[in-house]
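Open the model in your viewer and keep the selection tool ready. The tour goes from strands to core to surface.

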Amino acid sequence: MITAPTIISDCYTVRAIREQDLPAILKIYNECILDHTTLLYYEPVDLRFIQKWYEKCRTEGYAAMAVVDKATDEAIAYADLGPTHPFPAFALSTMMAIYIRSDYRRRGLGRVLVAELLNIAKQQRFKNVVVYIASTNTPSIKLFESFKFQYVGKMDYWAYNFGRFLDGLAYQFIIPETKVDANTNSPPVFVPFAWESYVYAQQ
């Protein structure tokens with residue numbers, strides 16, 4: 001198991017995202033859009049956009065976690081696993097994304113979320129966890145490199161956002177414990193996330 005910082009037991013709790021968390025998640029998501037580095041959108045999204053994302057995670061079996069401030073019971077950071085491609089051959093690859101409210105950054109919450117999602121990815125029997133990061137997003141680069149994500153390539157002119165081109169960096173984390181039966185021709189499948197029974201083991 002990958003261990004998270006001990007700060008989580010003192011001030012915060014980690015849980016699977018609930019419907020009641022979605023308004024707070026909307027605020028975090030739109031804040032990340034407006035910083036022009038974390039999310040490369042041109043316009044903020046509405047609550048229905050977040051609701052559709054949440055429903056898709058639950059329906060398709062992907063994990064989505066929130067860090068909640070115990071004092072307010074409000075989500076102040078969240079993260080999810082999602083598909084890399086919509087084809088069966090890519091089912092054992094998953095993409096990780098982390099979002100933290102600006103006034104809670106640099107407190108170790110990113111490390112908490114990455115550690116927990118890597119543990120969950122192992123339980124779900126994914127083989128490959130990937131992240132795509134704008135080359136200007138130095139904090140995210142350092143975060144994932146600290147967990148031994150391997151740099152696998154650069155995409156020049158990856159995105160054009162608010163008057164500038166951004167290069168994209170690709171990183172991956174391979175889970176050696178995941179094995180696949182080479183004697184079957186059936187498409188690979190991962191284990192769906194246990195939304196109803198999930199308990200954060202390190203709090």
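**Strand to core to surface**

Select Ser93 first: its bridge partner is Asn128, in β5. Keep in mind that this model is predicted.

Now show both strands in full. β4 covers residues 93-100, and β5 covers residues 128-134. The two run parallel and are joined by three bridges.

Next, add strand β3, residues 74-83. It pairs with β4 in the antiparallel sense, over seven bridges. Pick out Leu81, which stands opposite Met96 in β4.

Is β4 largely enclosed or open? Color its residues by accessible area. Seven of the eight are buried, each under 20% relative accessible area, so the strand is largely enclosed by the rest of the structure.

Stay on Met96 and add Phe149. These two have the most contacts inside the largest nonpolar core, a set of 65 residues. Then select helix α4, residues 109-123. This helix gives the most to the core, with nine residues. In soluble globular proteins, nonpolar side chains tend to be buried together.

Center on Phe149. What does it touch beyond its neighbours within four places in sequence? Its contacts are Met96, Val114, Leu118, Val129, Val131, Phe144, Tyr171, Gln172 and Phe173.

Finish on the surface. Select Tyr160, in strand β6, residues 150-161. Tyr160 is partly exposed, at 46% relative accessible area. Add Tyr42, Tyr157, Phe162 and Phe165: with Tyr160 they form a nonpolar patch. Together the five side chains' residues have about 620 Å² of accessible area. Tyr160 can belong to this patch because its 46% is over the 30% cut-off for patch residues.

How values were computed:
Residues numbered from 1 in each chain as written. Predicted model: local features only at pLDDT ≥ 70, side-chain atom pairs only at ≥ 80, totals over all residues. Heavy atoms only, no water. Patch = residues over 30% accessible without salt bridge, like charges linked within 9 Å, V, L, I, M, F, W, Y side chains within 5 Å. Areas by Shrake-Rupley, 256 points an atom, 1.4 Å probe, with all protein chains shown as cover. Salt bridge = Lys/Arg side-chain N within 4 Å of Asp/Glu carboxyl O. Helix = DSSP H or I, 4+ residues; strand = E, 2+ residues; numbered from the N terminus. Buried < 20%, exposed > 50% of the residue type's maximum accessible area, 1.4 Å probe, protein only. Core = buried A, V, L, I, M, F, W, Y, C linked by side-chain atoms within 4.5 Å. Contact = heavy atoms within 4.5 Å. Pairing = 2+ DSSP bridges.
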